[in-house]
Amino acid sequence: MTRARRHAGTIAAALALLLVASLVLTGLILVYRPLPTIDGESRLLGLDQRAEILRDSYGVPHVYAQTAHDLFYLQGYATAQDRLFQMDLYRRAGAGRLAQVLGEPALDSDKQFRTFGLARIAARELTLLREDTRTNLTAYADGVNKFLEQHGDSLPLEFVILGYRPERWSALDSLVVAKLQAYDAANNLDQELLRAGLASRFGPAVLATLMPDPSGRSASVDERAWAMVAPFLAASPSTFPGAVALSAVLPGAGGGTGSNCWALAGSRSATGKPLLVGDPHLAVRNPSIWYEIGLEGAGYKLVGFSFAGIPGIVIGHNDRIAWSFTYAYTDTQDLFVERQDPTDPRRYEYRGQFEAATFVRESIDVKGRADPVTLDVAITRHGPIITPVLQGQTAPLALRWTALDPGRLVDFVFELARAGSWQEFRAAAADFSGAAVSACYADVDGHIGYQLIGQLPARKGDGQMPVPGWTGEYDWTGVLPLDANPSLLDPPAGAIVNANDRPTQDPRSAAYVGEWDPGFRATYIAQRLGDIAKADLAGMRAIQTDYASTPVTRWREAILSATPQTDLQRRAQALVREWDGALSPQSTAAAITETWLMRMLSRTFQGALGDKLYADYIAHGRAVFALYQLLARPNDPWFSTIDPSVGGRAAVSTAALEDAVRELVNRFGSDVARWRWGDMHTITFEHPLAIAPLALLLNIGPFPRAGDGYSVNNGGYDPADPYRQTTNASERMIADLSDLDNSLSITPEGESGQPGSKYWGDQAALWNAGDYKPMRFSRDRLGRVDGMLVFRPR
């Protein structure tokens with residue numbers, strides 16, 4: 001009997017081991033089977049002539065073709081090899097079709113994007129594009145579809161997990177992805193709603209304190225317009241459930257974030273030729289929003305960063321010019337309060353009469369539901385009524401936004417790729433629409449330049465608060481020409497710097513209005529550049545990865561004004577006093593200061609605003625900058641929220657220090673040596689499907705991080721959920737116009753979006769250490785080639 005039991009136990013153990021081995025084997029197959037072939041020869045139906053894709057040592061594809069059709073055909077093919085699931089996710093998000101594969105959790109996102117109508121506008125936009133642009137878009141789509149035909153039985157892991165097959169790609173899909181990027185770049189809508197909420201609660205005068213302008217100018221409020229719309233607006237916070245739902249798969253979408261770029265003239269460089277530096281600060285995502293690629297043939301020769309799903313490149317260089325962008329926080333979104341006909345809610349008042357809105361019925365398929373969800377979208381002359389997808393408001397609000405006007409954004413991408421001079425660069429910029437960016441420019445002839453790119457509204461007022469739609473007096477009269485945007489070529493100082501700061505100091509300029517950055521990073525970069533006589537790559541790397549944060553000086557002053565109540569609080573204050581201000585991962589004082597900052601925000605604002613409005617304020621407002629301004633006024637009334645009898649900055653700072661020390665003790669214990677900034681401030685590149693236990697397979701990180709949101713080397717985190725880093729330098733590039741093959745780049749998530757690939761996450765450690773890789777350009781200087789695919793027409 002005992003022997004039989006032993007035998008049965010052995011069999012059971014063997015079966016269990018076999019089961020585990022089978023599961024492991026199945027997992028390995030699912031992970032490694034979809035990995036693309038990067039070496040060999042193939043015949044492709046639809047190709048014009050012989051063409052090649054060479055992969056460098058970091059997996060970056062370099063496409064060589066003899067026709068433009070083949071060039072973009074193979075760009076689509078290569079991008080699908082590495083980023084197919086990301087491409088499908090992005091087109092579904094922009095078109096409002098996520099719920100079809102993700103189910104109920106994505107329904108609110110789909111409702112929001114069906115209401116905004118990005119796919120409807122993209123379809124109209126397709127007809128406006130140049131013929132060669134449409135041809136290139138079609139070629140790109142054909143390349144994606146050729147890959148799907150060849151590899152439909154070995155799809156990436158995400159399709160297996162979700163149980164669906166991707167549809168064929170189309171030119172329209174690329175335009176929808178472009179519209180989604182415009183949504184990513186826009187940030188004024190949330191701020192406009194927040195301003196309305198704050199003004200409804202406290203009156204418009206409070207905006208000068210809580211939403212301060214970097215110039216120090218008082219908030220501009222059209223009192224007459226506000227008096228007309230205020231009775232219709234609720235004082236409660238306004239939120240988009242769809243944005244929350246989308247953030248589960250695309251973190252930070254629609255949040256704006258930041259960036260740095262600068263250009264130095266040859267007179268300021270060691271080589272006598274310009275240097276161009278850029279690093280867009282975007283939401284932390286995995287895979288990267290960027291896909292690095294080289295394209296050569298049919299008059300094109302360029303390398304840089306594309307958006308997965310769109311042909312061409314967005315940031316990079318060709319053989320003549322180099323460019324990078326930062327988000328320009330202009331105001332391209334306005335809200336109009338509409339008045340409905342009390343006898344017919346399908347009509348809205350305009351200049352004393354009621355006119356019918358246009359209605360679009362949207363049908364949304366939801367995984368797990370037998371029947372689609374029907375959504376009726378009302379569109380007035382000012383735009384879609386967004387109130388049905390907005391919590392906190394009941395008044396009909398119409399969204400006017402430049403991205404909802406059909407434009408020629410993708411024409412810009414191809415014209416930019418062929419530009420060889422400042423004049424041609426600016427001519428291409430005239431086609432940029434739907435968003436706004438600040439461009440830094442340099443060329444091999446020695447010129448450097450700045451250009452605000454993007455069509456700005458021609459409007460009455462500044463657009464920062466909701467206005468009445470029924471009067472007609474606040475209607476947009478169109479968009480302004482490119483010449484109305486700030487531009488600068490070859491400044492005498494030989495340097496151009498932009499870090500999301502205001503590009504003009506002229507209040508009459510349309511570009512003056514917006515949610516501009518306070519300018520800490522831009523000022524710091526300019527100071528660092530001013531200390532360098534003859535700049536080189538090493539100097540540019542040092543500035544780009546510098547994690548100094550200018551506001552730290554004021555935070556420290558406020559902490560030192562506190563009166564500690566315990567020995568541990570006194571020890572914490574002493575560490576801050578002795579500190580050099582560096583937000584290094586090993587720093588205890590940095591951990592104390594940043595924790596104090598979060599507690600100081602809460603102590604200063606939360607009591608007066610209430611929990612819900614405070615949450616909205618720190619998510620979408622200028623809370624940190626407002627506090628920075630307030631700290632210069634120690635007796636400001638906002639520092640009386642604890643106890644009016646003992647108000648003032650010092651009293652609030654004392655309470656915040658007590659809160660911070662308590663939080664650090666709860667997190668790390670009472671040994672201050674264990675309070676390290678990098679142990680609480682980390683970055684993880686989370687995959688959209690990374691729920692346990694898949695997170696171990698799909699996520700990259702965590703990594704300890706330095707800096708904060710005001711550092712050049714961006715370390716921004718969400719005050720609503722500190723201290724996990726939520727924005728990052730999504731790519732870094734340094735272009736050397738004396739020798740473009742000497743240029744550098746880095747993308748933390750790597751080239752591939754597939755966890756089993758050697759190019760997935762392979763750049764993360766380099767990026768986190770402030771290092772770079774070569775940005776390969778010329779074929780004879782690619783270095784080690786990991787693979788070469790040769791294609792011939794069938």
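A cavity here is a set of grid points where a 1.4 Å probe fits but cannot get out. The views below are taken from a predicted model.

**View 1. The second largest cavity encloses about 140 Å³ of space.** Its lining is made up of 20 residues. Those that lie nearest the centre of this cavity are Phe-85, Gln-86, Asn-286, Pro-287 and His-687. Helix H2, which covers residues 68-95, gives the largest share of the lining, with seven residues. Sorted by class, the lining of the second largest cavity holds ten nonpolar, five polar and five charged residues.

**View 2. The largest cavity has a volume of about 350 Å³.** Seven cavities of 30 Å³ or more are found in the structure, and this view shows the largest of them. It is lined by 23 residues. Nearest the centre of the largest cavity lie Gln-181, Phe-307, Val-314, Phe-432 and Val-437. Two or more lining residues come from each of these elements: helix H8 (171-185), strand S5 (275-283), strand S9 (321-327) and helix H13 (409-418). The lining of the largest cavity has 20 nonpolar and three polar residues, and no charged residues.

**View 3. Helix H13 is mostly covered.** This helix spans residues 409-418 and gives two or more residues to the lining of the largest cavity. Of the ten residues of H13, nine are buried. The buried residues of H13 include two acidic ones by name, Asp-411 and Glu-415. The rest of the buried set is Leu-409, Val-410, Phe-412, Val-413, Phe-414, Leu-416 and Ala-417.

**View 4. Cys-261 and Cys-440 form a disulfide.** The structure holds one such link. The two sulfur atoms are 2.1 Å apart. The link of Cys-261 and Cys-440 is right-handed, with 65° about the S-S bond. Cys-261 belongs to strand S4 (residues 258-264) and Cys-440 to strand S18 (residues 437-443), so the disulfide ties together parts that are 179 residues apart in sequence. Cys-261 and Cys-440 are both buried, each with under 20% relative accessible area.

Terms used
Residues numbered from 1 in each chain as written. Predicted model: local features only at pLDDT ≥ 70, side-chain atom pairs only at ≥ 80, totals over all residues. Heavy atoms only, no water. 1 Å grid on protein atoms, 1.4 Å probe; cavity = no way out; pocket = protein on both sides within 12 Å on 5 of 7 lines; lining within 4 Å. Points joined across faces, edges and corners; volume = space filled by probe spheres on them. Helix = DSSP H or I, 4+ residues; strand = E, 2+ residues; numbered from the N terminus. Nonpolar A, V, L, I, M, F, W, Y, C, P; charged D, E, K, R; others polar. Buried < 20%, exposed > 50% of the residue type's maximum accessible area, 1.4 Å probe, protein only. Disulfide = S-S within 2.5 Å.
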